[in-house]
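Q: Could you walk me through this one? I'd like to start with the pockets and then move on to how the helices and strands are arranged.

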Amino acid sequence: MPQRNPQGSVHITAVTRRRWTAWTVLLGLIAAGCGTNGLPQSALDPAGPVAQAQDDLWELVFWIAVVVFVLVQGMILFAVFRFRDRGGDEIPKQVAGNTKLELLWTIIPALILVGIAVPTVQTIFELAQEPGDEALDVRVIGKQYWWEFEYVGDDGQGVTTANELHIPTGRPIALAMQSLSATQPDPGADESPELGQAVSAGVIHSFWVPRLAGKQDVVPGHTRRMMIQADEPGVYPGQCAEFCGLSHARMRFEVIAHEPAEFEQWLSAQAEPAQAAGGGLAAQGQELFQSQQCITCHAIDGYEAAAGAAAEVRVGPNLTHFASRRKFAGGVFDVNDADQLEAWLANPQKVKAGSQMPNLGLSPEQIEALSAYLYTLE
Ligand code: CUA
């Protein structure tokens, strides 16, 4: 009840206006949360056939749920108001068991579930089909805390990247996903370990690019497969979606979709080995890279001494084309920001806790040289 005072009407108007303003703001905020276009990580804004098929299922279930919600809540409200105790009434007739009603509310939900199950199972089987010959094969390896992408098919030219998965548009990409721990192989062993052996101490990650497909857990000791495909060129951000340790939130990546011809150009450029640094600061950096511990965890294709550990067990990214990338350290820092790169080299743990990159105690001069060298790796 509005208070009655000498300025009654003025008071009520002010309160009413404030209340309306509050409601308008609240509804505006709620409505703002409903938009899906332009959000880089909205699963409700699918950008390829796999995400579209999954979104179609979501839409179906959502609208069925809306109808059920409105009907059930409507009937509850109707019963509450229509049959409420108006005082003085006698206790109504007590009934229990009505075969017709019970059949009805068993059969209707069962039909709804069948209606959801049939297209769901159909979609699951469709998405689980073996990829055809036209698919591009990429191996995804979840490491602590970054993603490695290896183009393993005949047409992949053996290219390896970190934190960014480049794909051609309009072509299915067949991902074979594995999780690797930081466990180094036994140096005394004759052969490099099988993939399954090296992963025994690995953790579960989850590969998720919301606009291209749903999540897929990446489990140590298993190979999980999934398909993604992008219709249009663009950058589709992804991230690890399973808690995997201290820097789980900093385990991001990007899927970068190109027109097919542009993708082939990119792939050929990436297949080139690294050029040796010509001289000056960069050459000092290269020398450091090979003499310091860098090379025990990283690889640079192109010169023998810098081969690094086998990809299966390598802790750090292959840096052959480091300077061509957009991000580093799990998609967290900008490659083009030299300050971020130098802060990372100076103390990786400080800028990304839990990272496998140790603090090598580098001097500012060494950091400068390494940074100069890394920027030659285009
Ligand atoms: Cu990897 Cu969370």
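Q: How much space lies in the second largest pocket?
A: In this predicted model, the second largest pocket holds about 400 Å³ of space. It is lined by 23 residues, and those closest to its centre are Leu127, Ala128, Arg225, Met226 and Met227.

Q: And which helices and strands each supply at least two residues of that lining?
A: Two helices, α2 (49-82) and α3 (99-127), do so together with the strands β1 (136-143), β5 (173-179) and β8 (224-228). Sorted by class, the lining of the second largest pocket comprises 14 nonpolar, 5 polar and 4 charged residues.

Q: OK, what about the largest pocket, what volume does that have?
A: The largest pocket has a volume of about 490 Å³, and of the 33 residues that line it, His298, Gly316, Pro317, Trp344 and Met357 are the closest to its centre. At least two lining residues come from each of α7 (294-297), β11 (327-328), α8 (338-346) and α10 (364-374), and by class the lining of the largest pocket has 21 nonpolar, 9 polar and 3 charged residues.

Q: Back to α2 and α3 for a second: at what angle do they pack?
A: Their angle is about 175 degrees, and their axes lie 10 Å apart. That value makes α2 roughly antiparallel to α3, since angles over 145 degrees count as such.

Q: Which residues meet there?
A: From α2, Val50, Ala53, Gln54, Leu57, Leu60, Val61, Ile64 and Val68 meet Ile112, Gly115, Ile116, Pro119, Thr120, Thr123 and Leu127 of α3. By class, that contact of α2 with α3 has 11 nonpolar and 4 polar residues, with no charged residues.

Q: Switching to the sheet, in what order do the 5 strands run?
A: The order is β4-β10-β9-β6-β7, in an open sheet with mixed pairing. Because β4 (164-168) and β7 (216-218) each have a single partner strand, they stand at the edges, and one side of each is left without a neighbour in the sheet. From one strand to the next, the twist averages 25 degrees.

Q: How many bridges join β9 to β10?
A: Strand β9 (residues 234-240) and strand β10 (residues 252-258) run antiparallel and are joined by 6 bridges. Within that stretch, Tyr236 stands opposite Val255 in β10.

Q: And which helix packs on the sheet, touching β4 and β10?
A: That is α5 (residues 260-271), which touches both of those strands and whose direction makes about 135 degrees with that of β4.

Technical notes:
Residues are numbered from 1 along each chain as its sequence is written. This is a predicted model: local features need pLDDT of at least 70, side-chain atom pairs count only at pLDDT 80 or more; totals for chains, interfaces and linings use all residues. Side-chain values use heavy atoms; hydrogens and water are left out. Two strands pair if DSSP finds at least two bridges between them. Helices (H or I, at least four residues) and strands (E, at least two) are DSSP runs, numbered from the N terminus. Axes are lines fitted to C-alpha atoms, for helices over the stretch in contact, and angles run from 0 to 180 degrees between N-to-C directions. Contact means heavy atoms within 4.5 Å. On a 1 Å grid over the protein atoms alone, a cavity is a set of points where a 1.4 Å probe fits but cannot get out, and a pocket is an open set with protein on both sides within 12 Å along at least five of seven lines; lining residues have an atom within 4 Å of a point. Grid points are joined across faces, edges and corners, and a volume is the space filled by probe spheres set on the points. Ala, Val, Leu, Ile, Met, Phe, Trp, Tyr, Cys and Pro count as nonpolar, Asp, Glu, Lys and Arg as charged, and the others, Gly among them, as polar. Angles under 35 degrees count as roughly parallel, over 145 as roughly antiparallel, 65 to 115 as roughly perpendicular and the rest as oblique.
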